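Visitor: I would love a short tour of how two chains meet. Could you walk me through the interface?

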Amino acid sequence: MFFLLSVSFVALSQNVLVKGNVTDDMGPLPGVNIMVVGTSQGTITDVDGNYSVEVPADGQLRFNFIGFESQLVSVDGRTEINVQLQEDVQALDEVVVVGYGQMKRSDLTGSVVSVSSDAIEETVSTSVEQVLQGRAAGVQVMQNSGTPGGGSSIRIRGISSLTSSTEPIFVIDGVIVDGSTGSNSENVLASINPNDIVSMDILKDASATAIYGSRAANGVVIINTKQGEKGKSFVSYSGYYGVQEMATKLDLLNLQQYAIHKNNRADAGIVTRDNNFIRPDLLGEGTDWQDELFTQASIQSHNLSVSGGGENNTYALAAGFLDQEGIAIGSGFTRYNLRGNFNADVNDWFRAGVNFALNNSEQQVTVEDANLIKVAMKQTPNVAVRNADGTFDGPDTDMYVQTNPVGLAMLRENENEKTGIRSNVFGEVKFMEGLTFKTEFASDLGMTNTYRFNPSYSFGAITNEVIESTRTKSYSKFYSWNNLVSFDRVFAEMHTIKVMLGHEMQKSQWEYLSGYRNGFVSNVGHDLNLGDATTSDAGSSSGGNSIMSYFGRTFYSFDDKYQLTATLRYDGSSRFGDGNKWGLFPSAAFGWKVSNESFMSGVSAINNLKLRLGYGAVGNANVRSDYAYTSMLAPVTTVFGTGLISENMANPELKWETTYSANIGLDLNMFNNRIQFIGDVYYKETQDLLLEVPLPAYMGVEGQGSVSPPFRNVGSLENKGVEATLSTINMDRGDFFWKTDLVFTLNRSKVLSMDTETSTIDKTIQEGSETTIVTRTAVDQPIGQFYGYKVIGRFNEATDFYYKDGSGNVQEVARPEGLDISETGVWIGDYIFKDINGDGMINESDRTYIGNPEPKFTFGVGNTFSYKGFDLNIFLNGFYGNDVINYQKRWLENPRENHNLYTSALDYARVEQIDPDGPVDIRNTHITGGDPMMPRLAASSSNANNRLSDRFVEDGSFIRIQDVSLSYTLPKDWISSVGVDVVKVYAKVKNAYTFTKYSGYDPEVGSYNQDALMTGIDNGRYPSPRIYTFGVNISF
Amino acid sequence: MAIAGLGISSCDDGFLEVSSNDTITLDNFFTSESDLRVATAGLYGKVWFDFNDKFYYALGDGRANNIFAPYSDYVYPFTNFTETSLTGPLVSAWGSFYNVIGQANNTINNIQASGSGVSEEAKKAALAEARFMRGTAYWYLASLWGNVPIIVDNAAIVNNPVVPTNPRNHVFEFAIRDLEFAAKHLPLEARQNGRLTQWSAYGMLARLYLSYAGLHNVDNRNGGIRDTEYLELAKKAAEKVCVESGLELNESYAELFTLDGNNDPESLFALQWVGGTTEYGITNTQQAYFAWSSEITGDDAAWGYYTFASWDMIREYDSRETVRLHSTFATYGAEYPEINQAAGGYLYEETDRANIKKGVVGSAKDTEGVVARMNSGLTTKMLRLAEVYLIYAEAILGNNASTTDATALEYFNKVRERAGMPSKSEITYEDIRYERRIELAMEGQYWYDLVRRSYYRQQEVLNYVNDAQDRAVQYEYDEATGTYIEGDENTAQQVATATAEDLLLPYPESELVQNPLLREDPVNYEFVEERINLFQ
């Protein structure tokens, strides 16, 4: 302590004024940051690169400038110090992970976008894909459910398949993981701890993805986890604790409003009068079911890691824990991760390594599986949650009422537990300089147990006596083995050649076992052995597929100006029959580094300018069935024993689906890399779509006991788009640093052809016994558009029922088929639907496209501000021009319905007789109040005002303050004395605020069960929580 | 390296063959007679599921105004003639009939292609089973939609499924050919209880002949005359069953509709559902839609409170109809000791409705675990001996206004006597109509009776449904008289006026979109098979 004081005393007494000039090889450098080492004092260079600063005579100066190597200069009593900074090749040339290898970014000819672990630090992400949201151009991520551990839909450059998966593959430390689950609550990526990740690289165009040929049609996300570094060892802890809450609450009727409205409905003859509601003014608020189902919930995460390395080896070990309660009762997610890797240089020519990751997670999905959010919105405020004795209450009848969602959420067991072990091991032999052989074996084992138990209960009049339990176990095994030979050489200083040849085998297998019993004696024990053995039901199934591949890649660069990458992959899949198993997928890309041309040498503002051009093909073998090429018989349980019925229509001709894509890209770095821009324009056409041919039902393909239609290679679709990434350093002055990242994505999809001109793919939602077509996909149209009626107005007065046609004749405005003008037919206050086909009546043929869930564009804007040890990051995510169906509004805003309603339903059209004693006639009827676009409240629902129409389609555009994080890194000199390297404390808010016109919980709806054709339909989606966290990172 | 590469590529073929363990490929099946039985077993249940689930009663009884369900979107559109090409049960029934047809076609084609190891006789018996199912499904289609595409080989048209419809008469004749083949080749006695016999086929043929008698050589839909050739065929086919089969009516009407009555000898064809399971697709879900309280089912699947007998149905019952009413509809004061046995039985006390009893058997506890959630375990009656008796009488009545034919009276009165009703000495069409409606209520038949009548007395049928039936009228139990009295009109839904077009259903929407030919005129079907003369 005394020593420190005396040094500073001495230093203070011997300050000198140092002047000088900072240049690079092109000339003076303005804006260079100069710091006096050990203090917070400093300066920057002026426009001519000159500076002056006071320094202790024996002090040191640090010269910092973005894109240049930092320099440390001892003053040694000098008063003039001129410095020439060297370009930091490393910074510009970050290493990008490409398929089966790495490349310098400056050598890339394809379209690859990278997201670093910095982004993970800025956000509260429980799953990795959440980090990508808005941070990677060309990548559109939407969470399909806000339930903890829930799934997302990830689309890289649009939708490139109609009936197969549209999710990309993930290559995690060399293990290929398929991102598709087909479920809202399941998420393959939820098993990965985002904290373990060091980089994510997204391969987008064919020239980048072709090396993954067979599985790359939807893009590839390569994820690498943290590895140790030689010579340094660290122990780090990071953890946070947070609180989650509902971001928005919807306005539903309280008891008084509900009672008044029920009385009005009784007046209208819809229901019988409720004697409890004779004096609504005496009633209170009643039960707020939103408040009862949703609650504040905690989230916490803890991660501990050790990494390091000696001269010949590196290692990393990590353990992680996440516990996220759901904001809805009956949901939650807990995850444990263990991870370790070890790499060793065995000798000069042999390297080997191993990587292990174990995960275990438990997820509660009662709310999601039983649609309890919808139930909570519909349950009426006159029903209590609990009886006086604490048991659950319910409605006093069991007809046309809702169950008790809180009771079900708390009593039912509906959980899953997943355990996975991902591992790989490799050995690499270096034969000579530039020639290596690498062999790598990777595997991914997964086990899933699900536990469902439905107890006996009675919620008022709703009772359940049958106690049932279901247990399932599934096991999956994936392994791959690849062998690569790489050759990497520079000839005559101008010709760089990199050649890679490889072979790979991949195999996936899965099995499933389930058991069921009912007749349990009590609700206490849930295992099957406590159930009635005579009710046992067991089943199992299994499947598998394999891929064999040969591939190669050549990179050639001439004089660091002209670059060519050519890739060829030859894949065989077990999913196709003999003669069609193999597919060939070539690609080529060309890069021109314009900035390295001599004619550019005078343009000092441009550091890097590169044009990229690529074209190639990738395949898709994701037929939903592993055996679509042959005829299968499916077992069916009958009273006569097992019967067999046809399962599918075979297509022995089935072959690869192929996506051809062209890409033009531009990389531009300006003003000493203070501005970095990457832009791409692409066109993708998917041909020979693997389509489960939409067949008419008379082919025996709909419903129970049907045959699944054949998969055929029919039709094609296109995706085209523009994407851009712009990073700017807006300010870098002294202690203050401000950086902006902007990501822009635009994609348009369209079906080009299908098996017949009239073929359509319709997707339906079943609600009760009503099955409604919600989207239609057809030739020449974007994918998965909403389909329904158009409301063009409301019958407000008698004259609205008639119009004059071109020749002056009075015609009747089209009404639903078979309905007359009457109170029980069509009446004042009913909607006027558009007569699309002009046949004078409204029927199914008058449905049309009423909305498109595809956004016109999406964007992300991140701003980082740093001052001394403080970092503030604000990240916005936005969607523009996408439509969302607020599906529950069909019932929750229908004033006739018997369940609870949005308060907006009370604004129904008030229809009255003009002369109360006059006749019941449209000429004697008018509207006296209510919302101008709400229908009437009537005994008859003949006009079906709540049929699926554009009334329920809303603008889903939004801008969301997705992440705000504020962190403070403690100064080194405070903590180094206790042996700690880094201490960072932070506070973050996720999903802070959403600017939107959408009236439901959340405009980010995603896709129903990841089905790209069911995007943007909000049917009681679990809302994403707002999360506040406080955390700390410590490293020593 | 090179060696390793070679080694790998030589095992490519093996690596890329992944065989299935949870399904069977067609190539290694249909090699024995037991395989044939396995192949036809699947045609009795699951393929009919979507038909049985709602359409069976929603159309058969709902459209005929036997039942009224003002708040159910699966019954009222049919009752009110406001169904559309999107109405759920309509779409699923169409799909279900064609699933029966498609699976039967595949079975037929697979059997025909099957090789040695199977005798011709066994093949024919199995073909007969499949053709019975297919013929029955085509009869439903012809009755409901009229002109429909006749599909015989699904695989053959999969690449171009846009095919024209065939005329209604041809669909009838196609169905008749299937059933004639079945009548010739089905066994006299079922190998397993519940499987089809020759009598099943003759009985079904009797129904088809009788229906077709109103169409064959009949151009005037209001002529009131049926084709005598087909009336004669109907009579002969019915006679086979009535006289030669040796089958008798069960003495107890009530027992037929209990679990003990499943596959009673009186049942000629019933859909076979698997009891004690909740596996969707192989269960009889009807109880869940009929049961009016979870006291009955013991679980929450009891959605039938607002699905009950129509006013027109209730008033149709003769005051002496205690047996059949009690088994078909629950009326005020009715006791059902077999339901909710733990509480000592069930007493029905609703006064403003009469809920549906046929198809309701109780909870899992009441039935030793046969009932499960959304599964009554009951078979679905498709054809009963009693109906064949009535067909026999109707065929003898023929084009006459009434008959005193001794045979007709014998069988007609057997049905009445079993129900505790006095015999008749003369029969008119009205007698038969009443008898069929009451005897077969909630067995999905009455609408087809009306359709059959409309082939030659269309206006009479339209007047009946529009004017006589008082659709949407409510009623109430009157304690003073112990009867039900008429109430107000229910205003929840508008009842449309039925026109001749409403005697057929619209094609499902998705079919029209995918096959514009459905809007075009039908194209004659080219029959390649000779008719079998069963009655030489």
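Guide: Gladly! Please keep in mind that this is a predicted model. Let's start with charges: the count between chain B and chain A is 4 salt bridges.

Visitor: Which residue of chain A meets B:Glu509 in a salt bridge?

Guide: A salt bridge needs a side-chain nitrogen of Lys or Arg within 4 Å of a carboxyl oxygen of Asp or Glu. Here the N to O distance is 2.4 Å. The partner of B:Glu509 is A:Arg847.

Visitor: Which element gives the largest share of the side of chain B that touches chain A?

Guide: Across this interface, 24 residue pairs are in polar contact. Elements that give two or more residues to chain B's side include α1 (2-10), α4 (49-63), α6 (88-113) and α21 (509-514). The largest share, 7 residues, comes from α6(B).

Visitor: How do the residues on that side of chain B divide by character?

Guide: Chain B places 87 residues in contact with 90 residues of chain A. On chain B's side, the charged residues number 15 and the polar ones 33, and the nonpolar count is 39.

Visitor: How much area do the two chains bury between them?

Guide: The size of an interface is often given as the accessible area lost when the parts come together. For chain B and chain A, 56% of that area is on carbon and sulfur atoms. The total is about 7,400 Å².

Visitor: Which residue stands opposite A:Met632?

Guide: Strand β33 (residues 632-638) of chain A pairs with β1(B) in the antiparallel sense, over 2 bridges. Opposite A:Met632, in β1(B), stands B:Thr25.

Key
Residues are numbered from 1 along each chain as its sequence is written. Chains are lettered from A and ligands numbered from 1 in the order in which they are written. This is a predicted model: local features need pLDDT of at least 70, side-chain atom pairs count only at pLDDT 80 or more; totals for chains, interfaces and linings use all residues. Side-chain values use heavy atoms; hydrogens and water are left out. Contact means heavy atoms within 4.5 Å. Buried area is the accessible area (1.4 Å probe) that two parts lose on being put together, summed over both. A polar contact is a pair of N or O atoms within 3.5 Å; within protein, one must be able to donate a hydrogen and the other to accept it, and residues adjacent in sequence count only if both atoms are side-chain atoms. Helices (H or I, at least four residues) and strands (E, at least two) are DSSP runs, numbered from the N terminus. Ala, Val, Leu, Ile, Met, Phe, Trp, Tyr, Cys and Pro count as nonpolar, Asp, Glu, Lys and Arg as charged, and the others, Gly among them, as polar. Two strands pair if DSSP finds at least two bridges between them.
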